[in-house]
Amino acid sequence: MPLLLHSSPPFHSFPAIPKLRYRSKPSPRRAILRATAGLDADSFTKKSGYLFRLSASEAESLLDYSPLRIAAIYKRKPLILLARLIQIATTFGKWFGDRYIDNLMERSDQMFKVRAAELRKILVELGPAYIKIAQAVSSRPDLIPPSYLDELSLLQDRISAFSTEVALDTIEKELGLRIDELFSEISPEPVAAASLGQVYQARLRRSGQVVAVKVQRPGVQAAISLDILILRFLAGVVKKVGKFNTDLQAVVDEWASSLFREMDYKKEADNGLKFRRLYGGIKDVFVPNIYMEHTTRRVLVMEWVEGQKLSEVKDLYLVEIGVYCSFNQLLENGFYHADPHPGNLFRTYDGKLAYIDFGMMGEFKQEFRDGFIEACLHLVNRDFDALSKDFVTLGLLPPTVEKEAVAKALTGVFQDAIAKGVRNISFGDLLGNLGTTMYKFKFRIPSYFSLVIRSLAVLEGIAISSDPNYKVLGSTYPWIAKKVLTDSSPQLKSSLQSLLYKDGAFRIDRLESLLTESLRARTEKALIKSQREEADSRVVFKEILSFTLKEKGSFVREILIEEFAKGLDALGLATFDSLTSAATTVIPFTGSTSFSLMSKEDMINLRTLQRLMFLMAGPESNKKSFEETNGVSSPNNKQGAYLEESSLLSYQPELVSEILTMFSIIPELPAESQQQLLRLPADVAGRLVSRASARTIQRIFL
């Protein structure tokens, strides 16, 4: 449940809030009752129009989400169900009718803000289920018109509180102690109110710790279960009438299951402790402690957080920290925050990113995590054939789909979106023209996937409010690149292998891209600030060298050693060809014919060696100059091989000088890396001898 705040700053310091100190048992409670007499009418719930009580057995059956149990309960309450259906239909019907009249009278623009405010009020009156749906889209300024966005964002701030008398009764009943035995002081009014509950500031009597006490709104489970039953029925009708391939009822079930877990504060406390254990150690991330001994299904006590909503302070550094933390949640551990809207993300006064709500969490299985990473890789590298297979792995497409046709369609959909480069890809770009393709090829949205995409989309929405050009995929991709290069997963190693090789040819440009992007995976403020500028080539080379010499870079190191050996072997053949060619020109009567040892594969290996040398040399301008010089050559003919070989030899002194300059950073490397570096020449020489021997044997006997 998000903490929805009344005013800014969102959490006042504790001394600034009027409190009631308990000096005796009976009198303070009466003072509270008098102070809150005006709050007894819970307008938020009262206006919903469906206040009713469930029996003890019915309430017990709703502790966990079950569509069958919910349907059984309300089957015995047809009048309540009918009344709610009529209320929803008439409420939305009137609003849509007013919008229709506005269009007829050509006053839609003038009435836009008015209708947006009316919609917000309608959602509040209809209750927590509809507020939750609205909050899911209230952080997307790129999808929601500004007027509606402004109004929907108020849903995170201006929900009526319920009676403090009821809240204190709930605390005492749930914890089995009087308020004055639990707390030495407590705020007489809630400091935050939400669709599912509200929060008080208090001080624990035993420890003196300032805490937030979250109390669940009465009757919220019964109200939400009724609305979920209706939404689930409507999802089935829409799927049938609209012929959707996605199981919309399963999507509703996934969302409802998450919402029911959010209403169980014991589960939220467990989530919070797990989240703190997994991510509390990340630099500049703060996860408050939770007091399990004072937590039940309907009451939660956690460490107080001082700060402001992240969306209000426009701190792009903390947005980057949030992206990094989300990466760890989704792709490292698979345990992720599924509701990171602005009410749940705070900037503490000491500059940290604080998560303050853990009710809606999700689990991302390992096979789906690897599949998601592979899909991002193939999308960025325009490998749409592989992307179509990824969609099958992720459950977005049935295994029987015609993958070639899907690949062709995806090329048309995504080509323009990714043409601007990975750093400029947004969710809006990717989803813009996907609807027709999804319908044609029977795409389906798995229930788990909707929460994953939502968590990323909401984070991008928060970032866009600070930087309209921000792209969450562009900020996440460096971590994806780094994980692919370093992960020990056999599936990701296989994916990297297939990405870097096509028909046996090494695609060094893709390795360069992965290495370059992985260097952007930083969280330090100074590095984030400078990553938008051109990095110093010496620093870049040091980071690449450090990475390849570490244990995590062993897979990439093996690939580079193999490619260097191939290239040096090809260089030896090219040099021999050059010498024999020169000899035939000076020896009389040899004729004009020439014999070359170079194969097409050798020519490709020679070009790869050139790229590797320029990668080591660093300066981009020299690399461009070299590529322009060789732009007319082609590895498909022997003359091209001679041109490449000549170019390499003519540039070699300059390249060697630049490479030696780069290698001056070796003393700065750790001792283990230096030892690993000293072993590389022997490794390359061994591969080179093995390759030359195999070729000699092959040409003699075959």
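Student: In β4, which residue is the bridge partner of Ile186?
Tutor: Keep in mind that this is a predicted model. Strand β2 (residues 183–186) runs antiparallel to β4, and three bridges join them. Ile186 has its bridge partner in β4, and that partner is Ala202.

Student: How many bridges join β4 to strand β5?
Tutor: Start at the turn: β4 and β5 form a hairpin with five residues between them, and Gly208 there has a positive phi of about 80°. One pair to look for is Arg203 with its bridge partner Val210 in β5. The two strands run antiparallel, and the number of bridges joining them is seven.

Student: And β3, which residue in β4 does Ala192 stand opposite?
Tutor: Strand β3 (residues 192–193) also runs antiparallel to β4, with two bridges joining them. A hairpin of three residues links β3 to β4. Across from Ala192 in β4 you'll find Val199.

Student: How many of the eight residues of strand β4 are buried?
Tutor: Buried here takes under 20% relative accessible area. Strand β4 covers residues 197–204 and is mostly covered. The count of buried residues in β4 is seven.

Student: Over in the open sheet, which strands are the edge strands?
Tutor: Four strands make up this sheet, in the order β6-β11-β10-β8, with mixed pairing. β6 pairs in the parallel sense with β11 (residues 353–355) over two bridges, and Phe286 stands opposite Ala354 in β11. An edge strand pairs on one side only, and here that's β6 (285–286) and β8 (307–309).

Student: At about what angle does helix α15 run to β11?
Tutor: Helix α15 takes in residues 316–333. The helix lies across β6, β10 (345–348) and β11, and its angle to β11 is about 45°.

Conventions
Residues are numbered from 1 along each chain as its sequence is written. This is a predicted model: local features need pLDDT of at least 70, side-chain atom pairs count only at pLDDT 80 or more; totals for chains, interfaces and linings use all residues. Side-chain values use heavy atoms; hydrogens and water are left out. Two strands pair if DSSP finds at least two bridges between them. Contact means heavy atoms within 4.5 Å. Axes are lines fitted to C-alpha atoms, for helices over the stretch in contact, and angles run from 0 to 180 degrees between N-to-C directions. Buried means under 20% relative accessible area, exposed over 50%, partly exposed in between (1.4 Å probe, protein chains only).
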